[in-house]
Amino acid sequence: METSEQLTRFRDFFESYKDRIHEAVAKGDKSAVFDFKDLLVHDPELADSLLEDPENLLKAAEVSIENLDLPTQFIRVRFNNLPATSILRIRDVRSIHLDRFIVVEGLVRQTSDVRPQVTSAKFECPSCGNNIQIIQIDTQFKEPSRCSCGRRGKFRLLSKDLVDAQRIVVEESPESLEGGEQPKRLAVFLKGDLVEPKMEKRTTPGTKVKITGVLKEVSIPLRTGGQSTRFDLVMESNFIEPIEETFEEINIKKEEEEKILELSKDPRIYQRLISSVAPSIYGHEDIKAALILQLMGGVQKEHTDGTKRRGDMHVLLVGDPGVSKSQLLQFISKIAPKARLVSGKGSSAAGLTATIVKDEFMRGWALEAGAFVLANGGFCILDEMDKINPEDISALHQALEQQIITIAKANVQATLKAKTTLLAAANPKLGRFDPYIPIASQINLPSTLINRFDLIFPMRDIPSREFDDKVASHVLNLQQKPDDIKTEFPPEFLKKYISYARQKIKPALTKEAVEEIKTFYVSLRNLPSIGEQELRPIPISARQLEALVRLAEGSARVRLSKKVTKKDAQMAIETLKRCLMQVGFDPETGQIDIDRISTGITTSQRSKIVKIQALINELTRKIGKRIPIDDLIMEASEQGIEEEQVNEAIEILKRDGTIYQPSSNMIEKI
Ligand code: ADP
Ligand code: MG
């Protein structure tokens, strides 16, 4: 099609939208968006050539729109709603798509600073005075190679046209991936009014977007300054729009819905769901049961004062090596809707939460979203949590409770949404979990963070003839016959059941359930104080109260019930108790004590520390600043405190900065 024909045909098309275009210009818009389907109806041939040769056709469109007698000179033409055949998965983008009009969808992973970019430059030839215009499309600034008068090089730069530009990186969203695939990325350039402040909000990292654009190649500049034979693919964006992120975009067919509804009435449904979780892993029923409740999730509450209470339940598994933590996480990542599996070790480069990275391309800074942000509305499954970097640890505090991540660094400031459920696994500091040491001092993580988990499960590897026998036959049988896995429901169905429950069911607490939870909470918090000790255990805090509500709501969702019943409340209490018995249980008093989790020091331990501190004070008065540890041990034993406990107290006081140890057998108050 000749250019002149393109112009008249576009002009014809725009005539029918004249009013709308005038309106847009009057509003101050710098672009007008057209539905591709309209063009297809109006002029199928023109629409086809737009798909084939977008660069020239868009230019023609912009020239012909200028001829509409608009008050402003220049207005960009943008298209949305391209046909399904133009929609590509990022992983399928190849060089054959170069210079075509295509559409990709994905999550914004990275956004650079907005910088001016030269789009064209005018040069003057010093020999003949000729003006030469060079369109700048590459990343490298291009000068004319020669003038018509024969001159080569040393041209004078007269002027350049600048446009605001931004580079973003989009990544395939988890729901578009089949289990286990790693998401692929594509760089996209946004220019002109696509990077205006009001647009910028729509492209914050973590947002799901649909981008129409032209695929381009850019050469990768060599360090030597020369040209490489390797090229990168980038998309020159024509239009970008955020896509509404409904929770799970898993479509459930009519007959599947019927099956789900029927199964929900089965009184054994919870048990059946539990036995479908990681059937290749033997045992760990408690954990599997808790994971089902986590997958179902609680209901987010928004209060009229603008505050929110999260519905997401966070679960931490702490355990000995080789107890199948990683295997379990991997399974959950396949059935959890919108899940992202990351390892604490590997995640540090991109960051788990959000980071500011140097942007080589734009020579500035770029904001990059980590897994936790990209899993917004879904699950972040984090293995080896003890190995995440310190910056992520501090950002996670906010993320787990407020469900946002704020970042302010290198003149980038942003608030990213992170309505994400966290399932994490960590290894104990000393390699093995010790039930006699408080959990907070066993994991290389601050107790303030550990505190934000609804449930913490230790997974211990204790030799037991019966259990070992069962695991061995289970594992060996699967080694012999890999397909011989007995499961109630296949993973795909489990995922659908969970998605359905999360999508459709928002259970509400009944009076009976509230009563049950309240009674449990009040009675646990008001246990009689222990013996002659003046300190009372504070067994559970208001955090656990909210956890109980979430667990109970999850339990109602198992049955697809709109009501949280007394039974659900009991199930929640049982689950929390089972977890507290293992991690919050103080073997010295035989009571559950949440301080073991939150501060790492139990009440009975605390009262001993108080006593030992008193002894140290007394000894300082009697014998001076330096106190032999042996003397302290002797005095303590008279009060019924054993040597081991004295040593433990010394360690804690040293960590506090109350005392220090000038030599191996002496301590001194600071
Ligand atoms: P971790 O992450 O806890 O260190 P892994 O998930 O890597 O452990 O598990 C180590 C191996 O032991 C896996 O191949 C797993 O299948 C096997 N294994 C451990 N416990 C069990 C179990 N209870 N049932 C079946 N296999 C198990
Ligand atoms: Mg592991």
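This tour goes through a predicted model, with stops at a ligand, some cysteines and a strand.

**Stop 1: the ligand**

Select ligand 1 and show the residues around it. There are 13 of them, and those that come nearest are Tyr 282, Gly 322, Lys 325, Ser 326 and Gln 327. Colour the shell by residue class: 6 residues are nonpolar, 5 are polar and 2 are charged.

Next, look at the oxygen atoms of the ligand. Which residue puts a side-chain N or O atom 2.8 Å from an oxygen atom of ligand 1? Select Lys 325 to find that side chain. Then show the backbone of Val 323, where an N or O atom lies 3.2 Å from a ligand oxygen. The backbone of Ser 324 also has an N or O atom 3.2 Å from an oxygen atom of ligand 1.

Now turn on the surface. On its own, ligand 1 exposes 560 Å², and the protein buries 71% of that area. To see which elements give two or more residues to the shell, select helix H10 (325-335) and helix H14 (465-480). Of the elements, H10 gives the most, with 3 residues.

**Stop 2: the cysteines**

Select Cys 147 and Cys 128 and show their side chains. Why is there no bond between the two sulfur atoms? A disulfide is a covalent bond between the sulfur atoms of two cysteines. The closest cysteine sulfur to that of Cys 147 belongs to Cys 128, but at 3.6 Å it is too far for a bond, because the cut-off is 2.5 Å. By this rule the model has 0 disulfides.

Is Cys 147 buried or exposed? Its relative accessible area is 3%, so Cys 147 counts as buried. Move to Cys 579, which is also buried, with a relative accessible area of 2%.

**Stop 3: strand E4**

Select residues 101-112, which form strand E4. How many of its 12 residues are buried? The number is 11, so the strand is mostly covered.

Add the strands that pair with E4, one at a time. Start with strand E3 (residues 87-88), which pairs with E4 in the parallel sense over 2 bridges. Here Ile 87 stands opposite Val 103 in E4.

Then add strand E7 (residues 156-171), which runs antiparallel to E4 and is joined to it by 4 bridges. Finally, add strand E16 (residues 364-369), paired with E4 in the antiparallel sense over 3 bridges.

End by selecting Thr 111. The bridge partner of Thr 111 in E7 is Ile 168, and in E16 Thr 111 stands opposite Leu 367.

Note on methods: Residues numbered from 1 in each chain as written. Chains lettered and ligands numbered in written order. Predicted model: local features only at pLDDT ≥ 70, side-chain atom pairs only at ≥ 80, totals over all residues. Heavy atoms only, no water. Near = heavy atom within 4 Å. Polar contact = N/O pair within 3.5 Å; in protein donor to acceptor, adjacent residues only side chain to side chain. Areas by Shrake-Rupley, 256 points an atom, 1.4 Å probe, with all protein chains shown as cover. Nonpolar A, V, L, I, M, F, W, Y, C, P; charged D, E, K, R; others polar. Buried < 20%, exposed > 50% of the residue type's maximum accessible area, 1.4 Å probe, protein only. Pairing = 2+ DSSP bridges.
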